[in-house]
Amino acid sequence: MQQNSTFNTPMADDWIRYGAWSGLIFSVVFMSVALLPLPDRLATVLALIMPLFLLVGHVGLYHFLSRHRQAFTTQLAAILGICAPVLVSAMITVQMSLVSYMERYYHPLDEAMKASQINIWRAVDSVQLGLDVAWDMFILPTIILFSWSLMKNPAFGRVFGGIGLFLGIGGLALNIWTFPTPPINVGLPDVGPFAVTWYGILFILMIRAQRKMLVPVAA
């Protein structure tokens, strides 16, 4: 298949190379923040920079897939994949700001005051819960659209792409069904950890494949 020269340039090579590693870093950082007992300041810094790695990873994946086969779905996935990290960055920032503020000023003096502050917390907490749903409404279609292209790429295949489709469609259906509350808050499964694990495997496969397709970097 003849490829567009736009996707066979040193710049495109850089996007693929750095995108693959950035995506893997995102997956590792996400799991580390979620599972490891990290110092508060380190966890905060990692959470704030984590979306940047996902953004670069999405653009790199777009260039990688477009080199094999250009498609409208891949381009749309890249656009949504740029918007999604922006939303999750806003969600994380708002979430941490709310927690910090409430911890600083939450001093219940009596039962009436305690009940009032709990109601205030629930009201403001709905802001970050709404941003959480907004992030899901962008990242899950990104997974769906990229997975469609992954199924047609020999570096990934139908099985791996099909798993991504299942996660994306299932997660999207759950979020629409439970809106405005995230599924996990009503006792339904959270596809997040599975999706991040899937992302980690995706970028590992991409790192392996890109070593065979990229031209050497000039000194």
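## A six-helix chain, starting from Ile 16

Ile 16 has a relative accessibility of 0%, so this residue counts as buried. Its place is in helix H1. Keep in mind as you look around that this is a predicted model. From Ile 16 we can walk outwards to the fold, then to the core, and then to the empty spaces.

### The overall fold

The protein chain contains six helices and zero strands. Read from the N terminus, the order of elements is α-α-α-α-α-α. Of the 219 residues in the chain, 42% are buried. Contacts reach far along the sequence: if you take those between residues at least 6 apart, 79% of them join residues at least 24 apart.

Four pairs of residues give you concrete examples to find on screen. In each row, the distance runs from C-alpha to C-alpha.

| Pair | Separation in sequence | C-alpha distance |
|---|---|---|
| Ile 16 and Val 56 | 40 residues | 9.2 Å |
| Val 86 and Pro 51 | 35 residues | 7.1 Å |
| Met 96 and Ala 47 | 49 residues | 9.6 Å |
| Ile 176 and Asp 136 | 40 residues | 9.7 Å |

### The nonpolar core

In soluble globular proteins, nonpolar side chains tend to be buried together. Here, the largest nonpolar core has 45 residues. Inside this core, the residues with the most contacts are Ile 139, Leu 150, Phe 156, Trp 198, Leu 202 and Met 206. Two or more core residues come from each of helix H1 (10-35), helix H2 (40-68), helix H3 (72-105), helix H4 (111-150), helix H5 (157-178) and helix H6 (192-213). Helix H6 gives the largest share, with nine residues.

Met 206 is a good place to zoom in. Leaving out residues up to four places away in sequence, Met 206 touches Ile 16, Ala 20, Gly 60, Leu 61, Phe 64 and Phe 156. That list brings us back to Ile 16, our buried starting point in this tour.

### Helix H5

What should the 22 residues of H5 span at 1.5 Å a residue? The expected span is 32 Å, and the end C-alpha atoms of H5 are 32 Å apart, so the two values agree.

The buried residues of this helix include several glycines: Gly 157, Gly 161, Gly 164, Gly 168 and Gly 171 are on the list. Also buried in H5 are Phe 160, Leu 165, Leu 167, Leu 172, Asn 175 and Thr 178. Ile 176 belongs to H5 too, but its relative accessible area is 52%, and because exposed means over 50%, this residue is classed as exposed.

### Two residues of helix H3

Val 86 lies in helix H3. Is Val 86 buried or exposed? At 51% relative accessibility, Val 86 counts as exposed.

Met 96 is found in H3 as well. With 25% relative accessibility, Met 96 counts as partly exposed, because that category runs between the 20% limit for buried and the 50% limit for exposed. Beyond residues up to four places away in sequence, Met 96 touches Thr 44, Ala 47 and Leu 48.

### The largest pocket

Now for the open space. The largest pocket has a volume of about 1,200 Å³. Its lining is made of 43 residues, and those closest to the pocket centre are Phe 30, Met 91, Ile 92, Gln 95 and Asp 132. At least two lining residues are supplied by each of H1, H2, H3, H4, H5 and H6. Sorted by class, the lining holds 29 nonpolar, eight polar and six charged residues.

### The enclosed cavity

How many cavities of 30 Å³ or more does the structure hold? There is one. About 50 Å³ of space lies in the largest cavity. The residues that line this cavity are Leu 65, His 68, Arg 69, Ala 71, Thr 74, Ser 149, Lys 152 and Asn 153. By class, two of the lining residues are nonpolar, four are polar and two are charged.

### Looking back

If you wish to retrace the tour, begin at Ile 16 in helix H1 and step across to Met 206, which touches Ile 16. From there, move on to the residues at the centre of the largest pocket, with Phe 30 and Asp 132 among the closest. Finish at the largest cavity, where His 68 and Lys 152 are among the lining residues.

Conventions
Residues are numbered from 1 along each chain as its sequence is written. This is a predicted model: local features need pLDDT of at least 70, side-chain atom pairs count only at pLDDT 80 or more; totals for chains, interfaces and linings use all residues. Side-chain values use heavy atoms; hydrogens and water are left out. A nonpolar core is a set of buried Ala, Val, Leu, Ile, Met, Phe, Trp, Tyr and Cys residues joined through side-chain atoms within 4.5 Å. Buried means under 20% relative accessible area, exposed over 50%, partly exposed in between (1.4 Å probe, protein chains only). Helices (H or I, at least four residues) and strands (E, at least two) are DSSP runs, numbered from the N terminus. Contact means heavy atoms within 4.5 Å. On a 1 Å grid over the protein atoms alone, a cavity is a set of points where a 1.4 Å probe fits but cannot get out, and a pocket is an open set with protein on both sides within 12 Å along at least five of seven lines; lining residues have an atom within 4 Å of a point. Grid points are joined across faces, edges and corners, and a volume is the space filled by probe spheres set on the points. Ala, Val, Leu, Ile, Met, Phe, Trp, Tyr, Cys and Pro count as nonpolar, Asp, Glu, Lys and Arg as charged, and the others, Gly among them, as polar. The expected span of a helix is 1.5 Å times one less than its number of residues.
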